[in-house]
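The following exercises are to be worked with the sequence and the model side by side. Each task is followed by a solution in steps.

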Amino acid sequence: MSMWHRFASLKIRILRHGPHGDRAFGLIAGLVVAAAVVTSAALVSTGTVDDSWLTAAVSILGLTWLLGPILLPGAVPVLNPQWFRTLPTPPSSIAAAMSPSELLSVGTVVTGASLSSFVVVAAGHDGITIIAAFAAAVAQLFFLVWLGRSVGALVAFMLRTRLGGWVAAFQMSALLAVSFAGWVPVAAFLIPDLGSGRMAAHTGSVWTELPDQLEHALLIAPTGWGLAAVRAAMTSGPLASVLLPLGGLLVLGLLLWTVWMMLTAAALRQPPAQVGSRIVVRTGQARFNRGDGDSQRPDPMTAVAKRELKTWLRDPQRSLELRHAWMTPLLMMLLVAPTAWSWSLPFIGVAAAVFAAMVAINTYALDGTAVWQLLTTPGAVHADVRGRQLAWMLMFGFPIIVVTTILGLVADSSLAYVAMGAVLAAVGAACACAPLLSALMPAIGRDARERISTGQNAGNPAGGQMMSFTFVLFASALPGILAAVLQLEDVWAVHLGFGLAVLMISIAAAGPLTVKRLTIAGPELLASMKSV
Amino acid sequence: MNAFTYPAIQLRGLSKKFGDVTAVDSIDLTVEAGSFFGIVGPNGAGKSTALSMIAGLSAPTSGTVSLAGYDTLRDREQALGALGIMMEGLSLPERLTGAELLEYTAGLRGMDAEWRDRSDDLLTVLELNRTPNTLIVDYSTGMRKKIGLAVALLHRPPVLVLDEPFEAIDPVSAHSIEALLRQYVNGGGTVLLSSHNMDVIERTCTRVALLSRGRILADGTVPEVAAGKTLNEAFVDFIGVAPQRELDWL
């Protein structure tokens with residue numbers, strides 16, 4: 001049996017017998033999306049909807065292959081190249097043999113199903129056009145798979161360096177900022193006076209098709225080349241207009257495949273021994289951190305908070321997420337500030353609280369089996385929960401409140417008090433749910449003592465992140481809802497009062513719940529983390 | 001003081017089952033205060049499982065554990081207060097230096113200002129003060145064992161439970177740990193440790209229990225269990241050796 005065949009069959013066995021809850025969910029959700037794309041193709045072929053919408057759908061699909069690896073950095077591939085480092089074969093040959101197995105994935109199936117829309121849209125034409133559509137789907141799939149794989153390998157490669165960590169954090173933050181606030185400049189253009197209470201909209205007809213310029217841009221990008229070839233074939237354009245995009249996809253795909261093989265071969269050449277964390281605490285800093293000269297008796301909660309602050313700065317995963325949590329709202333501010341909606345700047349505090357909650361909901365799993373010390377020290381679990389909350393407030397909560405206040409003043413926002421009430425509530429909910437969800441839904445990865453870079457498996461807390469996202473957003477809306485119910489929505493003290501109340505109640509209530517959870521389930525959690 | 005009027009550790013009918021597998025099978029064991037007690041046994045004998053239950057990190061299926069007279073289920077806080085623990089294969093707060101970890105541990109236990117002198121002493125005696133800027137995550141195996149022992153000893157508990165303290169470390173580190181433990185026992189402390197290293201057990205422990213398949217096969221002073229042989233020979237006799245045959249291809 002050849003090496004590539006062995007890798008492929010190994011991957012199939014892992015896919016069949018390994019944990020596949022997330023994969024099954026992804027497959028089902030992806031096939032629903034694929035069905036929608038194919039349906040839109042069918043509607044395009046009957047002339048019910050404009051074909052530019054199919055262009056948009058296929059372009060978004062292509063974009064997910066680019067953004068996925070950037071938004072989920074450090075995701076461990078099903079076949080980890082590190083496993084095969086000691087095979088007596090040159091790394092480049094191992095990488096080449098692994099290539100076919102990379103095509104076996106849920107993403108390939110979903111994308112393949114979506115790209116069958118090319119054939120659907122060409123179905124009413126002659127046989128040559130249908131063959132061209134089929135070839136375009138295959139070429140587009142080939143390009144997209146290697147786009148995703150090479151970007152994933154590149155992100156993993158970059159995360160091994162400190163500079164790369166910063167670049168990756170910036171990329172992720174920029175993408176998230178655009179995702180969450182990219183609509184604001186558009187909305188500010190369409191309804192410029194909303195901040196003054198005027199709903200007068202910039203007039204224009206409802207889009208029944210994409211603007212020509214936008215559609216043209218989407219077809220010029222490689223994610224649209226397959227569809228461009230299909231359209232050329234359908235309109236009996238010159239042969240070159242069909243062959244050029246298809247050839248381009250194949251050439252680009254081959255280039256990206258080569259990049260992936262080079263990066264995988266580089267990963268295979270990494271030394272087998274663990275390298276250090278590359279963090280050296282300066283002697284002066286170490287002395288300062290010890291608090292020499294401070295004769296006060298340390299209290300448990302402060303001790304935990306100090307440990308947390310140091311860990312946030314030194315743990316590779318946490319420091320990446322810390323940068324991410326701060327960069328994203330700052331970039332959102334840059335997007336919003338120059339627009340007519342600058343009055344909405346203070347509301348970015350809510351988004352900041354959401355991000356800060358999302359990055360902090362897996363700290364118990366990240367600290368790993370170190371939880372034994374809490375379970376075997378009298379009173380330590382209580383101190384740990386409160387200390388984590390205190391550290392979160394110092395790292396995120398208080399700065400968010402201060403920056404929101406400043407933004408409210410600088411932007412001279414008429415809704416500053418509404419934003420402040422929402423931010424106070426969001427901060428409270430985020431501070432409460434970070435340790436609580438961390439204890440309730442730990443996403444276990446490699447143990448803390450084995451984790452020295454962001455390229456290693458740090459668990460996938462997507463479930464907890466979605467829950468914290470929902471919970472914090474809901475909490476942020478509460479002061480406004482309550483003020484509206486009481487018909488006191490114009491009274492600033494009501495918004496601030498409700499915001500403060502939600503903050504205090506959330507934090508106070510979450511503490512005992514988290515302590516109880518850890519006390520009851522702590523030994524099980526420890527056993528789970530030890531067995532990974 | 002409970003530590004002087006009760007055995008340091010007392011196990012009564014202690015069992016642990018994982019599904020159909022019995023890891024620890026109704027163990028009765030008494031470790032007197034001030035003794036240096038070793039548990040030896042082959043891999044999978046149930047040593048670490050037994051120590052986990054003593055340390056309160058795993059609930060027994062049946063039976064009781066008392067530490068310095070405190071039942072670990074009924075009087076959990078007092079029992080844990082009497083205990084210092086070092087378990088094999090577990091993380092510590094990895095992003096702290098050794099000195100920071102001891103400061104954190106002192107804070108977590110709400111210790112008085114004396115922690116500072118103790119911390120300096122432990123770091124010096126265990127030679128961890130030579131790398132003040134290194135994070136725990138970057139420590140070698142020997143350094144991890146040493147800082148683990150320092151964490152267990154900092155509050156000077158009456159009872160120490162150590163899982164494989166001499167596993168995979170160099171002789172110099174082993175010597176440092178051994179010397180510190182002797183000093184602790186001479187000062188009235190009680191040590192219960194597990195080990196594969198018969199030489200260390202024979203050299204340091206006053207009493208030893210031999211565990212196999214979750215049961216205690218022998219328990220007594222080292223000379224009693226060794227019965228005129230070396231402890232290693234007695235161990236092999238008790239456990240038995242795997243069938244031996246010549247492998248032609250070797």
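**Exercise 1. A hairpin in chain B**

How many bridges join strand E9 of chain B to strand E10 of chain B, and in which sense do the two strands run?

Solution. The model is a predicted one.

Step 1. Locate the strands: E9 of chain B covers residues 207-212, and E10 of chain B covers residues 215-221.

Step 2. Count the bridges: six bridges join E9(B) to E10(B), and the strands run antiparallel.

Step 3. Take one pair as a check: B:Ser212 has B:Arg215 of E10(B) opposite.

Step 4. Inspect the turn: two residues lie between the strands of this hairpin, and B:Arg213 adopts a positive phi near 50°.

**Exercise 2. The order of a sheet**

Determine the strand order of the open four-stranded sheet in chain B, and state which strands stand at its edges.

Solution.

Step 1. Start with the pairing of E1 (residues 9-18) and E2 (residues 21-31) of chain B, which is antiparallel and has seven bridges. Within it, B:Leu11 has B:Leu29 of E2(B) as its bridge partner.

Step 2. Examine the connection of these two strands: the hairpin has two residues between E1(B) and E2(B), and B:Gly19 shows a positive phi near 65°.

Step 3. Find the next partner of E1(B): five bridges join E1(B) to E4(B) (residues 62-67), again with the strands running antiparallel. Here B:Arg12 faces B:Thr64 of E4(B).

Step 4. Continue from E4(B): two bridges join E4(B) to E5(B), an antiparallel pair. B:Ser66 has B:Asp71 in E5(B) as its bridge partner.

Step 5. Assemble the order: E2-E1-E4-E5 of chain B, with antiparallel pairing. E2 and E5 (70-71) of chain B are at the edges because each has a single partner strand, so one side of each lacks a neighbour in the sheet.

**Exercise 3. Two residues of chain B**

Classify B:Thr22 and B:Leu92 as buried, partly exposed or exposed, and describe the surroundings of each.

Solution.

Step 1. B:Thr22 belongs to strand E2 of chain B. B:Thr22 is classed as partly exposed because it has 16 C-beta neighbours inside 10 Å.

Step 2. Apart from neighbours within four places in sequence, B:Thr22 contacts B:Ser15, B:Lys17 and B:Gly214. B:Pro7 is 15 residues from B:Thr22 in sequence, and their C-alpha atoms are 26 Å apart.

Step 3. B:Leu92 is found in the loop between E6 and H4 of chain B. B:Leu92 counts as buried because 25 C-beta neighbours lie inside 10 Å, the cut-off being 20 or more.

Step 4. Beyond four places in sequence, the contacts of B:Leu92 are A:Ala370, B:Leu101, B:Ile136, B:Ile147, B:Gly148 and B:Val151. A separation of 8.9 Å lies between the C-alpha atoms of B:Leu92 and B:Arg144, which are 52 residues apart along the chain.

**Exercise 4. The side of chain B that touches chain A**

State how many residues of each chain are in contact, and which element of chain B gives the most.

Solution.

Step 1. Contacts link 36 residues of chain B with 40 residues of chain A.

Step 2. On the side of chain B, H3 (76-81), E6 (83-86) and H4 (98-108) each supply at least two residues. H4(B) gives the most, with seven residues.

Step 3. By character, this side of chain B comprises 19 nonpolar, nine polar and eight charged residues.

**Exercise 5. The core and a helix of chain A**

Identify the residues that touch the most other members of the largest nonpolar core, then describe helix H21 of chain A.

Solution.

Step 1. The core has 244 residues, and those touching the most other members are A:Ala353, A:Ala426, A:Ala430 and A:Cys433. H20(A) (residues 416-440) contributes the largest share, 20 residues.

Step 2. Outside four places in sequence, A:Ala353 has contacts that include A:Ala426, A:Ala430 and A:Val472.

Step 3. H21(A) (residues 462-485) has 24 residues and spans 34 Å from first C-alpha to last, close to the expected 34 Å. A kink of about 35° occurs at A:Leu478, shortly before A:Pro479.

Step 4. The buried residues of H21(A) include A:Phe471, A:Val472 and A:Leu478. Their cover includes H16 (348-359), H20 and H22 (492-531) of chain A.

Step 5. After H21(A) comes A:Gln487, with a positive phi near 60°.

Note on methods:
Residues numbered from 1 in each chain as written. Chains lettered and ligands numbered in written order. Predicted model: local features only at pLDDT ≥ 70, side-chain atom pairs only at ≥ 80, totals over all residues. Pairing = 2+ DSSP bridges. Core = buried A, V, L, I, M, F, W, Y, C linked by C-beta atoms within 7 Å. Buried ≥ 20, exposed ≤ 12 C-beta atoms within 10 Å, placed from the backbone. Contact = placed C-beta atoms within 7 Å. Nonpolar A, V, L, I, M, F, W, Y, C, P; charged D, E, K, R; others polar. Expected span 1.5 Å × (residues − 1). Bend = angle between axes of the 7 residues up to and from the residue.
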